[in-house]
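Student: I have a structure open in front of me and would like to learn how to read it, feature by feature. Could we go through it together?

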Amino acid sequence: MSISVVAKRLYDAAYYLAHREARCEYQRAHLIDHREEKRARDAAYHAAHRDEGRERSRAYYVDHQEEKRLYDAAYRADHPEKERERKRRRREAPFTWARLDPWPSFCHLCGLFIDPARVFPDRGMGTLGHEPPVAWMLRHPEYGGTLVLRPEHWACNAAKSDRPDWELVA
Ligand SMILES: [Zn+2]
């Protein structure tokens, strides 16, 4: 960068700072003077273009419907945990299971440790156990007891199926 360019930039910056207040004041005064005018202009513009905007967004939606569908499907494939979470929430509605806090490190069905290193598709991995199970709650919405989310091995959770603890035979 040449010296004259640097000098000009410094000069511009100094000029900008020196006149900042005056410029702000001018803009403020201008805004107040023309407020009504601007409001009327904006309202007229909005009225004239309202349908246009609506039509445009509808056309955009139609044009990009397939694209959006593919995008959504790709997003779900990339974020299986979000999709699982979404499905879980839909299944659980309208009940609320309280998550054990602190979260235990053992399975509430067999009592053995859950190794966090074991992951899908290992049946020994940890899963979110609903007690009573979601399917059971949907059949017994009148149940007034506590609902808890707790760790369970996947295999234990699957064997338990839709039975609450008290229906399990030891
Ligand atoms: Zn277990």
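The dialogue below moves from the overall layout to single residues.

Student: Before anything else, what kind of model is this?

Tutor: This is a predicted model, and every value that I mention has been computed from it or taken from a record.

Student: How many helices and strands does the chain have, and in which pattern do they follow one another?

Tutor: The chain has 5 helices and 3 strands, and when you walk along the sequence they come in the pattern α-α-α-β-β-α-β-α.

Student: How does the radius of gyration of the chain compare with that of a compact globule?

Tutor: For a compact globule of 170 residues one would expect a radius of gyration near 15 Å, whereas the chain has 31 Å. Along the principal axes, the C-alpha atoms fill a box of roughly 85 × 50 × 35 Å. Burial can be read alongside these values: of the 170 residues in the chain, 9% are buried.

Student: Which domains does the assignment give, and what separates their centres?

Tutor: The domain assignment gives domain 1, covering 3-74, and domain 2, covering 81-167. Taken over C-alpha atoms, the centres of domain 1 and domain 2 are separated by 51 Å.

Student: Helix α3 has 13 residues; what span does it reach, and is it buried or in the open?

Tutor: A helix can be checked by comparing its span with the expected one. Helix α3, residues 80-92, reaches 18 Å from its first C-alpha to its last, which is close to the 18 Å expected at 1.5 Å a residue. Of its 13 residues the number buried is 0, so α3 lies largely in the open.

Student: In what order do the strands form the sheet, and which of them stand at the edges?

Tutor: Strands of a sheet pair through backbone hydrogen bonds, and the pairing can be either parallel or antiparallel. Here 3 strands form an open sheet in the order β1-β3-β2, with mixed pairing. Because β1 and β2 stand at the edges and each has a single partner strand, one side of each is left without a neighbour in the sheet. Strand β2 is joined to β3, residues 148-153, by 6 bridges, and the two run antiparallel. As a place to look, find Gly129, which stands opposite Arg150 in β3.

Student: Which backbone features should I look for beyond the helices and the sheet?

Tutor: Most residues other than glycine have a negative phi, and most peptide bonds are trans, so departures from either are worth finding. A cis peptide bond joins Asp101 and Pro102, with omega about 5°, and Pro102 lies in the loop between β1 and β2. The peptide bond from Glu131 to Pro132 is also cis, with omega near -10°, and Pro132 is in the loop between β2 and α4. Ser161 has a positive phi of about 55° although it is not a glycine, and it belongs to the segment after α5.

Student: Why is Ser161 described as exposed, and Asp122 as partly exposed?

Tutor: The count of other C-beta atoms within 10 Å decides this, since 12 or fewer means exposed and 20 or more means buried. Ser161 has 11 such atoms and is therefore exposed, whereas Asp122 has 13 and is therefore partly exposed. Asp122 is found in the loop between β1 and β2. Asp122 and His153 are 31 residues apart in sequence, yet 9.7 Å apart in space from C-alpha to C-alpha.

Note on methods: Residues numbered from 1 in each chain as written. Predicted model: local features only at pLDDT ≥ 70, side-chain atom pairs only at ≥ 80, totals over all residues. Helix = DSSP H or I, 4+ residues; strand = E, 2+ residues; numbered from the N terminus. Rg over C-alpha atoms; globule rule 2.2 N^0.38 Å. Domains from an automatic or database assignment. Expected span 1.5 Å × (residues − 1). Pairing = 2+ DSSP bridges.
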